[in-house]
Amino acid sequence: MHNIDSYSHLRGESIYLDDIPELSGTLYGAAFGSNVAHGKITNLDLEAAQNLPGVVRIFTYKDIPGENQIGGIVPDEPLFAEDKVDFEGMPVAFVVAESKKIAQKAVKLIKLSTEPLEIITCPRKAKEIGSLIVPPRTFKTGNTEDAFRKCKYIFEGIAETNGQEHLYIETQGAYSIPAENNSIKVYSSTQGPTAVQRHMAAVLGIPMHRIEVDVTRLGGGFGGKEDQATVWAILCALATHHLKRPVKYSLDRMEDMRMSGKRNPYTSDYKIGLDENLKILSYEVSFYQNAGATADLSPAVLERSLFHCTNAYYVPNVVATAYSCRTNLIPNTAFRGFGGPQGMFVIESAIAKAAEELGVNAWEIQRVNLLKTNDEMVYGQKVVSEAISCWDKLDEEFDPQNIHNDVAIFNASNHLFKKGISYMPICFGISFTKILMNQARALVHIYMDGSINVTTGAIEMGQGVNTKMLQVAAKTFSVNAGKIKVSSTNTYKIANTSPSAASATADLNGRAVQVACEAILTRLKTFAAKLLSENENRISIRDEVVYVKDSMTDLKWNDLIIQAYLQRINLSEHGHYATPVVNFDPSIEKGHPFAYHVFGTALTVVKLDCLRGTYEIEAVKVVHDFGTSMNTIIDKGQIEGGIVQGIGWMTMEEIVYDNNGKLRSNALSTYKVPDIYSAPKLIDIVFYKSEAENLAIFNSKAVGEPPLMYGIGTYFALRNAVKAFNPESKIGFSSPLTPEKALLGLYKK
Ligand code: MTE
Ligand code: HPA
Ligand code: MOS
């Protein structure tokens, strides 16, 4: 089945925030963000801005009727700065004007005076002075000290990953409309409508039931709108609350890049110990996460780094410690992989370091340490592993020996070009690591003409979840896809939604749709049995026709529905699903946090121009564990997109702050994401069908985030190419490996 949005996307008819017709009387907002990264506010001069014709009003913290607080996990994030600013871009005031242009012009007239405070941008420095968001956490298994004594080889080092700009095509934004009795309707480009509703209620000092958040779709979220869409929606709603007029704020790209959080950069220390057979016996790692100025989702991101610190390997003795460090950068946030990629990069670096020192290929170490079923992870969960199956399938499908030989021949006969290869196995846990978030609801109506409407808590952001929701209803009822409409996500229809995140959206909401459809189906079967004077156990519906056992009857879906309606049968249902089994006890850092794990392996081949430092990615060949994919077109798109986004993070996307905490890579002229020319020449995906039962919807494993981590393979393939040119290269483990860094790696003494 193709993506149900493809037709309207292609024709430009799909509705995003900016396509919603504006009501007359609509006002336009623009936020004024701090121009310094840390300072005590001595004066805020709004006069010139206020006097600009067309400016209606400027809001500050003084206008907040409820509480000036929007922190999701830790209440440490004011909506507006009060007496100090903690990062460049921190909202201080919100201008509302008759046009967007006027609002933006007024923002430039605002003058903020501050007394400078010390600016910290480095997470290690923050940790040193005790500036942590939450207390450190340690995941531990076995005894690393004893194990290191038994190791033949021990290696230590540092590995670093930079942040990443989400660069969703649709920027952040919201449109709020006054409704009667002090209520507000908000259109928001958010992955978390309930987060918007909850924090808005607190800021405005009104109950959540007065706030309707509606989302048709996003032009991408990638985690950047899980928690950070709330600010813009609340700014609009605050103005609507006071002015009783519709207010819209849709950020320009540079505003968005300057004022919204990114992937958390990490710097980490590792120590790895192996025995004579290259088995990893012991691993210690400390993660220093650059959280930015407030907690946002960083503590949860950090937790996932711990969960994924050993990637797809079994390591019997582990100590992993994680520090969420408070700095004066924009609060960083969720980004596809949610801390997993940051954790996995470190063990891959440790393995690469060991390989280099021992004069073996990294994949010889990787292969012998892959997880087997029933191996216990550092957090206590026993895995059902497909790691080895995927790896071996890759060897079977793609004949790597041949690729290795080609590369060896190429490298022997070329001086100024070198090729490099890497393997990148992945293991990604599916479920929100916060157990309570693993729940979802869906509302299903069958109308009297037989057509069906499905509403869920899932947000469509390009990942195709609405198509999957439709498929669940179509399959459960056995009706044509054309009978079903999936409508916008709305907090008046579905309450208390978890954000669409953690790759779990289709699993959670799909199961809720299934629960709702099955309940209606049961009533329909009972009713059909009565109509046909049959036993209801013998009734089924197939392709919109009622069957008794295997024989078709004259009763069609549409007749059944209208008759059921006339007999006052309930044709609507609200389904609820909560993932069974999952549990976690943070007091001992052990449990069974994931419904299941997703596996796969990527083989990457790159070609490096050793004169220029530029490179091409020749091929990424992947065997990916889909369980049984319910939509191979969509899932393939997720893999391709994830790989390219991961490659961007690892190679060219470079977030740069200066020492004053000012973002220098604040526009598309200074921040480069992969385009068609830098994408791999070839992405080859083999669908590996794993047979084991899992908790995914229709056994179709979650696919949103895991493929991003295949991109890590490109880093190591490039690094190998650098080493092929200059075996003495001092190149460390610091991503992204931009052409500049590659060049330094090739030549720097
Ligand atoms: N794909 C597209 N096209 N756009 C997105 O914003 N977000 C990613 C991934 N794939 C995203 C995407 C992230 S961060 C997550 S968590 C999942 O999709 C969320 O959707 P899912 O739970 O339905 O997989
Ligand atoms: N993934 C994504 N988002 C989240 C998670 C998670 O594990 N936990 C809380 N928000
Ligand atoms: Mo994805 S980072 O869980 O939105």
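# Aromatic pairs, a buried helix and two ligand sites

Phe 139, Phe 307, Tyr 379, Phe 584 and Phe 594 are joined into a cluster by ring pairs. The model in which this cluster appears is a predicted one. The explanation below begins with the aromatic rings, passes to the helix that carries one of them, and then turns to the two ligands.

A search of the whole structure finds 20 aromatic pairs. One of the pairs is formed by Tyr 266 and Phe 287, whose arrangement is edge-to-face, with 6.0 Å from centre to centre and 75° between the planes. This pair connects distant parts of the chain, since Tyr 266 belongs to strand β13 (residues 266-274) and Phe 287 to strand β14 (residues 280-292), with their positions 21 residues apart in the sequence. Tyr 266 and Phe 287 are both buried.

A further pair belongs to Phe 307 and Phe 584: the ring centres are 5.2 Å apart and the planes meet at 65°, so this pair too is classed as edge-to-face, given that planes over 60 degrees apart count as such. Phe 307 is part of helix α9 (residues 298-307), whereas Phe 584 is part of strand β25 (residues 583-585); the pair therefore ties together parts that are 277 residues apart in sequence. Each ring residue is buried, because the limit for that class is under 20% relative accessible area: Phe 307 has a relative accessibility of 1%, and Phe 584 has 14%.

The helix that holds Phe 307 deserves attention in its own right. Helix α9 is mostly covered, with 10 of its 10 residues buried. Among them are Ser 298, Pro 299, Glu 303, Arg 304 and Phe 307.

Arg 304 leads directly to ligand 2. The residues around this ligand are Glu 226, Arg 304, Phe 338, Phe 432, Thr 433, Met 437, Ala 501 and Ala 502. By class, this shell consists of 5 nonpolar, 1 polar and 2 charged residues. An N or O atom in the side chain of Arg 304 lies 3.1 Å from an oxygen atom of ligand 2. Glu 226 places a polar side-chain atom 2.8 Å from a nitrogen atom of the ligand, while Thr 433 contributes a backbone N or O atom at 3.3 Å from an oxygen atom of ligand 2. On its own, ligand 2 exposes 260 Å², of which the protein buries 98%.

Ligand 1 is surrounded by 16 residues, and the closest are Gly 221, Phe 222, Met 461, Thr 505 and Gln 638. The shell of ligand 1 comprises 5 nonpolar, 9 polar and 2 charged residues. Backbone N or O atoms approach this ligand at several points: that of Gly 462 lies 3.3 Å from a nitrogen atom of ligand 1, that of Ser 503 lies 3.4 Å from an oxygen atom, and that of Ala 504 lies 3.2 Å from an oxygen atom. Of the 520 Å² of accessible area that ligand 1 has alone, the protein covers 92%.

Some further details concern charges over rings and a loop. The charged end of Arg 542 sits over the ring of Tyr 547, at 4.4 Å from the ring centre. Lys 607 lies over the face of Phe 417, at 5.7 Å from the centre of that ring. Ser 487 is found in the loop between β19 (484-486) and β20 (489-490), and its relative accessibility of 14% makes it count as buried. Ser 487 and Thr 455 stand 32 residues apart in sequence, and their C-alpha atoms are 5.5 Å apart in space.

Definitions and conventions: Residues numbered from 1 in each chain as written. Chains lettered and ligands numbered in written order. Predicted model: local features only at pLDDT ≥ 70, side-chain atom pairs only at ≥ 80, totals over all residues. Heavy atoms only, no water. Near = heavy atom within 4 Å. Polar contact = N/O pair within 3.5 Å; in protein donor to acceptor, adjacent residues only side chain to side chain. Areas by Shrake-Rupley, 256 points an atom, 1.4 Å probe, with all protein chains shown as cover. Nonpolar A, V, L, I, M, F, W, Y, C, P; charged D, E, K, R; others polar. Phe/Tyr/Trp six-rings, centres within 6.5 Å; stacked < 30°, edge-to-face > 60°. Helix = DSSP H or I, 4+ residues; strand = E, 2+ residues; numbered from the N terminus. Buried < 20%, exposed > 50% of the residue type's maximum accessible area, 1.4 Å probe, protein only. Lys NZ or Arg CZ within 6 Å of the ring centre and 35° of its normal.
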